Amino acid sequence: MKPPVFTYHRPETVAEALDVLAEVGHDGKVLAGGQSLVPLLNMRLAAPAHLVDVNRLAELDEVAREPDGVRVGALARHARVEHDQAAVDAVPLLGQAIADIAHTAIRNRGTVVGSLVHADPAAELPAVLVLLGGTMELASAAAGGGPRRVAAADFFLGPLESAVRPGELATAALFPAPPAGSGSAWVEVARRHGDYAVCGIGVLVELDQGLRVGSARAALISVGPVPVPVDLTDALGGQPHDAADWAAAGRLAAAAVDPEDDIHASAAYRRHLAGVLTARAARAAAAHAATRLEGAA
Ligand SMILES: Cc1cc2nc3c(=O)[nH]c(=O)nc-3n(C[C@H](O)[C@H](O)[C@H](O)COP(=O)(O)OP(=O)(O)OC[C@H]3O[C@@H](n4cnc5c(N)ncnc54)[C@H](O)[C@@H]3O)c2cc1C
């Protein structure tokens, strides 16, 4: 299949891109890595009159370690973040989750910010941003005085729907570093390696000095229209990092999700996976936290 006819724009600066986006408004789409948008065009599921290619905006090609986390610019590809040691040391969940996104070729081209804006309910990074309490930066010619910042909790509105407005360009995502004494894990099940997950989960566990669970949180994908955050502290709080009631955490998560049947899996199977994978990820995150604490001691 071939895409519908569109006018192609290739701005050289962010300011120029914002002017074009303001001009084309509802009729425009940003083209980043093209790994999600181009298939949609070719299948004629999207037909924007204007494509604004942002691949020449060198200003947005950054992965920066900041005092409170990692800032990922809109041109940073999945693979660049995955292999940025400073970034994954600060926010290990980024490396853990990106490793499960598609295949190397797609990670070499697709962008972290593009994945967040695309807001696929089966994508890993929206859950990572929600779990860490991250923020998106959105620029527009109209805003003038600096970017609009949107918290992850308000950014994902529904399947393939995020809070980016016509005329806006997402310039960066900010992933806060989890506190000292914390550990994380990403676990998912897909039908084949590299496929979108049938169910996936990120867990963040914070241990106290006695290596007991202080708090535990999760975010699940493919079990609802947007990532589903679940607080697991009631199930795990106060328990030893290596002998907590992981199955209780799984029951909490399974009760919190409301998946639907589709061609890939039944709702019952996805709910079952939510429970099993939560138990598995919580145990792994607690072990990761203990390793990091011991390493820091
Ligand atoms: C075979 C295959 C398997 C895949 N498997 C997975 C998977 O397992 N997990 C996963 O998470 N993803 C998967 N993907 C998608 C991949 O991660 C994409 O890279 C990602 O979803 C979109 O990033 P992109 O840079 O390619 O965005 P594009 O395809 O260029 O754009 C996607 C959407 O976001 C908008 N957009 C992009 N950047 C911006 C911006 N800066 N500002 C405003 N709007 C913007 C576009 O207008 C478009 O609507 C897969 C893709 C393929 C082809």
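Here is a walk through the ligand site and the helix that follows from it. Keep in mind that this is a predicted model.

Start with the ligand. The space it takes is the largest pocket, and 29 residues surround the ligand. The closest of these are Val30, Gly34, Leu37, Thr111 and Glu124. Sort the shell by class and you get 14 nonpolar, 11 polar and four charged residues.

Where do the shell residues come from? Strand 2 (28-31), helix 7 (112-118) and strand 10 (168-176) each chip in with at least two. Helix 7 gives the most, with five residues.

Now zoom in on the polar contacts. Two of them go to oxygen atoms of the ligand: a backbone N or O atom of Gly34 sits 2.7 Å from one oxygen, and a polar side-chain atom of Ser36 is 2.8 Å from an oxygen. Glu124 deals with a nitrogen atom of the ligand instead, with an N or O atom of the Glu124 side chain at 2.8 Å. As for cover, the ligand on its own has 970 Å² of accessible area, and the protein covers 90% of that.

Glu124 is a handy bridge to the next stop, since helix 8 spans residues 124-132. How many residues of helix 8 are buried? Nine of the nine are, so the helix is largely enclosed by the rest of the structure. Besides Glu124, the buried residues of helix 8 include Leu125, Pro126, Ala127 and Val128, and the list carries on through Leu129, Val130, Leu131 and Leu132. Step just past the end of helix 8 and you meet Gly133, which takes a positive phi of about 70 degrees.

Methods:
Residues numbered from 1 in each chain as written. Predicted model: local features only at pLDDT ≥ 70, side-chain atom pairs only at ≥ 80, totals over all residues. Heavy atoms only, no water. Near = heavy atom within 4 Å. Polar contact = N/O pair within 3.5 Å; in protein donor to acceptor, adjacent residues only side chain to side chain. Areas by Shrake-Rupley, 256 points an atom, 1.4 Å probe, with all protein chains shown as cover. 1 Å grid on protein atoms, 1.4 Å probe; cavity = no way out; pocket = protein on both sides within 12 Å on 5 of 7 lines; lining within 4 Å. Sits in = over half its atoms within 2 Å of the grid points. Helix = DSSP H or I, 4+ residues; strand = E, 2+ residues; numbered from the N terminus. Nonpolar A, V, L, I, M, F, W, Y, C, P; charged D, E, K, R; others polar. Buried < 20%, exposed > 50% of the residue type's maximum accessible area, 1.4 Å probe, protein only.
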